[in-house]
Amino acid sequence: MKKGIHPEYYAIKVTRTDGKTIEMFSSVNKDLVLSTDNLNHSAWTGQRNDAADKGRRASEFKTKFAGFKF
């Protein structure tokens, strides 16, 4: 590696939503507290609310573009 062009890396603590902390390395010297991770995000839990939301979004689209001919 060339000297002087790479950022410094710091050991930081990442706090997950369940309270567990993980030590990671980052170029930003600041601890993180996550609001979303694999414990509560719908992509990992499989609890998606898309079915209930589709009807509302479709009706909003139709209302917004009612004057256009599609």
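This passage describes the fold, the surface and the aromatic contacts of one chain.

The model is predicted. Its secondary structure amounts to two helices and three strands. Read from the N terminus, the order of elements is β-β-β-α-α. The strands therefore precede the helices along the chain, as the order β-β-β-α-α shows when elements are numbered from the N terminus.

Strand S1 covers residues 10-15, and strand S2 covers residues 21-26. The two strands run antiparallel. Six bridges join them. One of the residues involved is Lys13, whose bridge partner in S2 is Glu23. S1 and S2 form a hairpin, with five residues between the strands. In this hairpin, Gly19 adopts a positive phi near 95°.

The chain has 70 residues, of which 7% count as buried. The exposed surface of the chain is about 6600 Å². Carbon and sulfur atoms supply 54% of that area. Contacts along the sequence were also examined. Among contacts between residues at least 6 apart in sequence, 0% join residues at least 24 apart.

Aromatic rings were considered next. A pair of aromatic rings is described by two values, the distance of the centres and the angle of the planes. A search of the whole structure finds two aromatic pairs. One is formed by Phe61 and Phe65, with 4.8 Å from centre to centre and 50° between the planes. This pair is tilted, because its angle of 50° falls neither under 30 degrees nor over 60. Phe65 also pairs with Phe68. Here the centres are 5.7 Å apart, and the planes meet at 55°. The pair of Phe65 and Phe68 is likewise tilted. Phe65 takes part in both pairs. Ring pairs thus link Phe61, Phe65 and Phe68 into a cluster.

How buried or exposed are the residues of this cluster, Phe61, Phe65 and Phe68? Phe61 has a relative accessibility of 45%, so this residue counts as partly exposed. Phe65 has a relative accessible area of 26% and is also partly exposed. Phe68 reaches 54% and is exposed, because the value is over 50%. None of the three counts as buried, because that class requires a value under 20%.

How values were computed. Residues are numbered from 1 along each chain as its sequence is written. This is a predicted model: local features need pLDDT of at least 70, side-chain atom pairs count only at pLDDT 80 or more; totals for chains, interfaces and linings use all residues. Side-chain values use heavy atoms; hydrogens and water are left out. Rings of Phe, Tyr and Trp (its six-membered ring) pair if their centres lie within 6.5 Å; planes under 30 degrees apart count as stacked, over 60 as edge-to-face and the rest as tilted. Buried means under 20% relative accessible area, exposed over 50%, partly exposed in between (1.4 Å probe, protein chains only). Helices (H or I, at least four residues) and strands (E, at least two) are DSSP runs, numbered from the N terminus. Contact means heavy atoms within 4.5 Å. Accessible areas come from the Shrake-Rupley method with a 1.4 Å probe; for residues, only the protein chains shown count as cover. Two strands pair if DSSP finds at least two bridges between them.
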